[in-house]
Amino acid sequence: MLEIQNVSLGLNEDKGVEILKEINLKFFEKKIYVITGPNGGGKSSLAKLIMGVYNPTAGKLLLDGQDITNLSITERARLGIGYAFQNPPRFKGIKVKELLKMAASHNPENINICDLLFDVGLCAQDYLNRDVDTSLSGGEMKRIEIATVLARNLKLAVFDEPEAGIDLWSFQKLAETFKNIHLKYDTTIVIISHQERIMELADEIILLSGGRISEQSERDTILAKILNNDSCLCGSNCAKGVNQNAQCAG
Ligand SMILES: Nc1ncnc2c1ncn2[C@@H]1O[C@H](COP(=O)(O)OP(=O)(O)OP(=O)(O)O)[C@@H](O)[C@H]1O
């Protein structure tokens, strides 16, 4: 469905510093992919590249065979690629039902906004007329953001650290929400996350470090490696307790 072919991304002025290097990935229909790895590894940059916020300095992106490398965010959104923000924006003066109706405006007959709220664990009666402002808690806002992504009936939805700012209890519910979405909707889901509970939902886990894919495998194989490995994931082979007198390189 979405294919990333040999993509690199340079972000400073002369594009000399590569943040992503020779990335090759294929995302298939109706699967959940979790991208994980150390801070600064390139996860959010990869998400922005899929969205069209960044254009690659080399390589191509194909959606169902169509070259979308140079398409804008809006053009990609029209083709069914969407993104859920780490900190969802609040919209003063807009009610939850209006936000969801706007999101569903391309396929209003097929979307029941009450069902959508139910799917993300919110009671329609309590939330339809709430303002999308700071009166909503972080967890409620995240759920409403996920509901807007679902309302758009996307081919591919990217969620950047959906767990950020969510308390443990709400987090368990959020993980269940993703599970239910996966059962009910055809959307391919790409989640950027550091959380084991989210990684457990994945069909495949992609480990990104130093701008490269250091591993990509089905969930159980890679999860076992991550959880049993006390060496760091940065790709420099630094292991706990080894050579304690070593100076940091560079
Ligand atoms: N606009 C930018 N200009 C210059 N450097 C950038 C820019 N955006 C990101 N970077 C750098 O690129 C690298 C990858 O950043 P990115 O945000 O993609 O990492 P990440 O894996 O999402 O990290 P985290 O887990 O901390 O969210 C980092 O070293 C970051 O400082």
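**Figure 1. Contacts and make-up of the protein chain.** Residues 24 or more positions apart account for 67% of the contacts with a separation of 6 or more in the protein chain. The model shown is predicted. Its protein chain holds nine helices and 10 strands. The chain has 250 residues, and 34% of them are buried. The views that follow take up two sheets, a helix that packs on them and a ligand.

**Figure 2. The open sheet of six strands.** The strand order is E6-E7-E8-E3-E9-E10. Pairing in this sheet is mixed. Strand E6 (81-84) forms one edge and strand E10 (212-218) the other. Each of these edge strands pairs on one side only. On average, neighbouring strands of the sheet are turned by 20 degrees against each other, direction ignored.

**Figure 3. The E6 edge of the six-stranded sheet.** E6 meets strand E7 (residues 156-160) here. The two strands run parallel and are joined by four bridges. One residue pair to look for is Ile-81 with Leu-156 of E7, its bridge partner.

**Figure 4. Strand E9 between E3 and E10.** E9 is mostly covered, with five of its six residues buried. E3 and E9 run parallel, joined by four bridges. E9 and E10 pair in the antiparallel sense, over six bridges. Ile-205 is a useful landmark in this view. Ile-205, in E9, has Val-34 opposite. Ile-205 also has a bridge partner in E10, Ser-217.

**Figure 5. The E9-E10 hairpin and helix H9.** Two residues lie between E9 and E10 in this hairpin. Gly-210 sits in the turn and has a positive phi of about 55 degrees. Helix H9 (residues 219-228) lies across both E9 and E10. H9 runs at about 125 degrees to E10.

**Figure 6. The open sheet of four strands.** The order here is E2-E1-E4-E5, and the pairing is antiparallel. Strand E2 (18-27) and strand E5 (66-67) are the edge strands, each pairing on one side only. Strand E1 (residues 2-10) and strand E4 (residues 58-63) run antiparallel, with five bridges joining them. Within this pair, Ile-4 has Leu-61 of E4 as its bridge partner. H1 packs on this sheet and touches E1 and E2. The direction of H1 makes about 60 degrees with that of E2.

**Figure 7. Helix H1 on the six-stranded sheet.** H1 lies across five strands of the sheet: strand E3 (32-36), E6, E7, strand E8 (188-192) and strand E9 (204-209). H1 runs at about 150 degrees to E7. H1 also packs on the four-stranded sheet, where it touches E1 and E2.

**Figure 8. The shell around the ligand.** The residues around the ligand are Leu-11, Asn-12, Ile-19, Asn-39, Gly-40, Gly-41, Gly-42, Lys-43, Ser-44 and Ser-45. Helix H1 (residues 43-51) gives the largest share of this shell, three residues. By class, seven residues of the shell are polar, two are nonpolar and one is charged. Leu-11 and Ile-19 are the nonpolar members, and Lys-43 is the charged one.

Terms used: Residues are numbered from 1 along each chain as its sequence is written. This is a predicted model: local features need pLDDT of at least 70, side-chain atom pairs count only at pLDDT 80 or more; totals for chains, interfaces and linings use all residues. A residue is near a molecule or strand if its C-beta atom, placed from the backbone, lies within 6 Å of it. Ala, Val, Leu, Ile, Met, Phe, Trp, Tyr, Cys and Pro count as nonpolar, Asp, Glu, Lys and Arg as charged, and the others, Gly among them, as polar. Two strands pair if DSSP finds at least two bridges between them. Axes are lines fitted to C-alpha atoms, for helices over the stretch in contact, and angles run from 0 to 180 degrees between N-to-C directions. Two residues are in contact if their C-beta atoms, placed from the backbone, lie within 7 Å. A residue is buried if 20 or more other C-beta atoms lie within 10 Å of its own, exposed if 12 or fewer, and partly exposed in between; C-beta atoms are placed from the backbone.
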